[in-house]
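Colleague: Got a minute to go through this model with me? I'd like to start with the rings and charges.

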There are 2 protein chains.
Amino acid sequence: MTGVDKRVRLGRFAERGSYEFTTIAAILDEAMLCHVGVSAEDGTVVLPTIHARIGRYVYVHGSPVAKWMRALRSVPLCLTATIVDGIVLARSAFNHSLNYRSAVVIGTADHVDDVAERRAALEALVEYICPGRWNDTRQPTASEIEATGVLRVNLDVASAKVRTGPPVEFAGDRDAPHWAGVIPLALHRGRPLRDPPARDAGELPPYLDRVRSCANLCLPEYG
Amino acid sequence: MTGVDKRVRLGRFAERGSYEFTTIAAILDEAMLCHVGVSAEDGTVVLPTIHARIGRYVYVHGSPVAKWMRALRSVPLCLTATIVDGIVLARSAFNHSLNYRSAVVIGTADHVDDVAERRAALEALVEYICPGRWNDTRQPTASEIEATGVLRVNLDVASAKVRTGPPVEFAGDRDAPHWAGVIPLALHRGRPLRDPPARDAGELPPYLDRVRSCANLCLPEYG
């Protein structure tokens, strides 16, 4: 668990930290993508990628011949997923902040050779970006599964950081004549755009129904 | 410019790459936060942070006594900002994707000693998360500026990756009986929540007006 100690020592927001698995898992599950950092021979590189969690593992995928995927194999990496929840406007410029939730995983990416596990990871990746979607696709052939590199990172060394709620002000600023509060932020899903476009677009599959309008958007409230 | 070469060699999406400064700057300017990766002595760490661009520099800030800020000083790092624009649902599971824009900056963080530059960076950071806000704050004192570490990374070695548009299908999948298209995504700003909450919340400052409803949300269209 030395990785956890590293994270504590490096963390800017240690006071907001958590090592609860359920907290970490929930952040990973909600984030649409993560950023993976690895120290390649030429230096540190951080790239975005989608991910999916199954139990105590996070999976990422890519072309097995890509240099990036090869660089990730069996070397230490850091996988970080962050959700932005709000802009925190304090009366003092100094105390402005963001409400956010981030999960940081430190581990080593293991290449998944097992075909069944690789297929399960690909299903999880599709279901992650669109729940309910997997069964409404032309599913991957054996050669497509072969042509997809899948890496697995375990969640043994991970932590979460969370900031919520209103601004924290210095006592002397509480009566300053500035608007203060939080502007909630959330990733909003718009009206699905059919391909190819058609005048009569027909019915949407049921699993897409809920993404048709912003009426479903849940924004945080406090106070 | 060896960093650019590194990025090309490691990039998974080299075919979607760009080295146009205006493209890179626009992504950095729109992204609400970035992820910074650094190889600390104990391993690679990737943490989220807000950033602001002024010309050909990106600034990040934090407590100057935080281990994280000290770890970033004068060492090579990678700063990556990603905007998610849509979920790309192809008929084949294999061709599912995300529409996204990412900017990757490889450089070294220089500590900003100059007080005027540090103050300008802090103003830029506040204006980044909320344009128009700086002049409606209690502005930082000399000691608050002193108590804020500011790091500067130049944009000489940077690249962008962008995916847009509908799914790309294999020819044999074009008639498969599955819905295909894009679900647009955008970070939506909700109704500002005043602190402390009040029944008569009064008028919002004009610079917050535009974030009151999702009517302002611009979602991409294609076809």
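Colleague: Which ring does the charged end of A:Arg152 sit over?

Modeller: That of A:Tyr57. The distance to the ring centre is 5.0 Å. Bear in mind that this is a predicted model.

Colleague: And A:Arg56, what does its charged end sit over?

Modeller: The ring of A:Phe21, 4.5 Å from the centre.

Colleague: Back to A:Tyr57. Buried or exposed?

Modeller: In between. A:Tyr57 has a relative accessible area of 35%, so it counts as partly exposed.

Colleague: How many aromatic pairs are there over all chains?

Modeller: Four, with ring centres within 6.5 Å as the rule. One of them joins A:Tyr57 and A:Tyr59, with centres 6.5 Å apart.

Colleague: Why is that pair called tilted?

Modeller: Because the planes of A:Tyr57 and A:Tyr59 are at 55 degrees. Stacked needs under 30 degrees, edge-to-face over 60.

Colleague: What about A:Tyr59, buried or exposed?

Modeller: Buried. Its relative accessibility is 4%, and the cut-off is under 20%.

Colleague: New topic. What turn lays chain A on chain B?

Modeller: A turn of 180 degrees, with a shift of 0.0 Å along the axis. The RMSD is 0.0 Å. The two copies are therefore related as by a two-fold rotation axis.

Colleague: Which C-alpha of chain A is nearest the axis?

Modeller: That of A:Leu187, 2.1 Å away from the axis.

Colleague: And what share of the contact residues of chain A recur in chain B?

Modeller: 99%. The same surface serves both copies.

Note on methods:
Residues are numbered from 1 along each chain as its sequence is written. Chains are lettered from A and ligands numbered from 1 in the order in which they are written. This is a predicted model: local features need pLDDT of at least 70, side-chain atom pairs count only at pLDDT 80 or more; totals for chains, interfaces and linings use all residues. Side-chain values use heavy atoms; hydrogens and water are left out. Copies are superposed by least squares on the C-alpha atoms of residues with pLDDT of at least 70 in both. Contact means heavy atoms within 4.5 Å. Rings of Phe, Tyr and Trp (its six-membered ring) pair if their centres lie within 6.5 Å; planes under 30 degrees apart count as stacked, over 60 as edge-to-face and the rest as tilted. Buried means under 20% relative accessible area, exposed over 50%, partly exposed in between (1.4 Å probe, protein chains only). A charge sits over a ring if NZ of Lys or CZ of Arg is within 6 Å of the ring centre and within 35 degrees of the ring normal.
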